[in-house]
Amino acid sequence: MSDALLPDFVQPESGSLKLLHISDLHFGIPYVQSVGEAALRIAPLLKPDAVIISGDLTQRARREQFLAAKEFLLQLPKVPQLVIPGNHDVPLYRLSERWNNPHRLYQEIISEELNPVLRMEKAMIVGLDSTAPRTAISNGRIHKWQLDACEEHFRDVPADVARIVIAHHHFAPAPDYLRDSIMPQAKRSMERFVDLHVDMVLGGHLHRAFIGNSLDFYSGLHRDRGIICVQCGTTTSRRGRGREREKNSLNLIEIGRQFISIVHYIFFHETGEFQATSQHTFRRQTFIPEGKLTRQPLHFDSQQNPATHLDAQF
Ligand SMILES: [Fe+2]
Ligand SMILES: [Fe+2]
């Protein structure tokens, strides 16, 4: 991209919606106290309007682990929280409980609702429980009835309100060589999300942060409209993988009228704090320069259409 396009493309926006995205806390043996304390220090400094927690709050779904996780959640900024379970929040080895009532402790201590919805003025945020305790405990599953529920939630959402889906498991492969299996029938979900004009999907589970786009993997049906895929690493545990082995991360997501920006924060042992390491900015695909908002696909002339994704390292 030429420098001439940059000032027009990325401008600071006032009044944007800020979402703090944390994940994979893994309370239990993997939890790192000093990193958890650093996360609690930076959280209020980022001034989020809401906090998203994308699963794996515990290591083994034990009562004391859920209680510790709950205590952590209570220390976060007093803004709305949306939390969903991960595969580690159902008992792996307590087979009877796993089969008969896998979310008993999660629902008793963390949240009764497994598919929570957070309605905000500038965003409709739909959480999906992707755990499959009886069938696919590692890879997860999204059921058709959950996609139908998504459609209901997004049905009457105004065009300028961002549409966001949260699930613990990932819908698209990570851009590295660790070869994690994606969710079974992930493509079915993504195609439905595209039809529902979802702007962004947030996830965890992989224990490394990255930004993807649905067009990288499922480019068939709607080539002019991709969904931003935002992954968060493990925010507070020593279970980081790949490029985040022994590292921790969290995301700050800003949703403005024209742009969606995601900043990855990584914990540095040298400073004992989380620090911003990269920023990714996308033009919102609902935005039309004349000031009108639409959910119809945009068709820019290729000469006029700047790239829809900027990366900046800092
Ligand atoms: Fe995890
Ligand atoms: Fe997980």
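Okay, one bit of bookkeeping before we start: helices and strands here are DSSP runs, at least four residues for a helix and at least two for a strand, numbered from the N terminus. With that in hand, look at I142, which sits in the loop between β5 (123–128) and α6 (144–154). And keep in mind that this is a predicted model.

So, is I142 buried or exposed? It's a loop residue, but it counts as buried, because it has 24 C-beta neighbours inside 10 Å and the cut-off is 20 or more. What does I142 touch, once we leave aside neighbours within four places in sequence? The list is L128, S130, L147, A167, M183 and S189. Take S130 from that list: it's twelve residues away along the chain, yet the C-alpha atoms of I142 and S130 are separated by 5.3 Å.

Okay, zooming out for a second. The protein chain has 314 residues, and buried ones make up 41% of them. The secondary structure comes to seven helices and 13 strands. If you take contacts between residues at least 6 apart in sequence, 75% of them join residues at least 24 apart.

Now the sheet I'd like you to rotate to. It's an open one with six strands, pairing is mixed, and the order reads β4-β5-β6-β7-β9-β8. β4 (117–119) and β8 (210–213) are at the edges with a single partner strand each, so one side of each has no neighbour in the sheet. From one strand to the next, the twist averages 20°. Over at the β8 end, β8 and β9 (residues 228–231) run antiparallel and are joined by four bridges; one of the pairs is F210 with Q231 in β9. Then there's α6, which packs on the sheet and touches β4, β5 and β6, with its direction at about 165° to that of β5.

Next helix along: α7, residues 186–195. Which residues of α7 are buried? Those are A186, S189, M190 and F193. They're on the same side of the helix, because they cover an arc of only 95° around the axis. Among the elements covering these buried residues are α6, β6 (162–167) and β7 (200–203). S189 should ring a bell, as it's one of the contacts of I142. Right after α7 comes H197, with a positive phi near 60°.

On to the core. In soluble globular proteins, nonpolar side chains tend to be buried together. Here, the largest nonpolar core has 69 residues, and V165, I166, M200 and V201 have the most contacts inside it. Pick V201: not counting residues up to four places away, V201 touches V165, F171, F193, I227 and C229. F193 is one of those buried α7 residues we just went through.

Last stop, two aspartates with positive phi. D24 isn't a glycine, but its phi is about 45°. You'll find D24 in the loop between β1 (17–22) and α2 (33–45), and it's buried, because 28 other C-beta atoms lie within 10 Å. The other one is D56, with a positive phi of about 55°, again not a glycine. D56 is in the loop between β2 (50–54) and α3 (63–75). Why does D56 count as buried? Because it has 29 C-beta neighbours inside 10 Å.

That's my tour, thanks.

How values were computed
Residues numbered from 1 in each chain as written. Chains lettered and ligands numbered in written order. Predicted model: local features only at pLDDT ≥ 70, side-chain atom pairs only at ≥ 80, totals over all residues. Core = buried A, V, L, I, M, F, W, Y, C linked by C-beta atoms within 7 Å. Buried ≥ 20, exposed ≤ 12 C-beta atoms within 10 Å, placed from the backbone. Contact = placed C-beta atoms within 7 Å. Arc of directions from axis to C-beta. Pairing = 2+ DSSP bridges. Axes fitted to C-alpha atoms, helices over the stretch in contact; angles between N-to-C directions.
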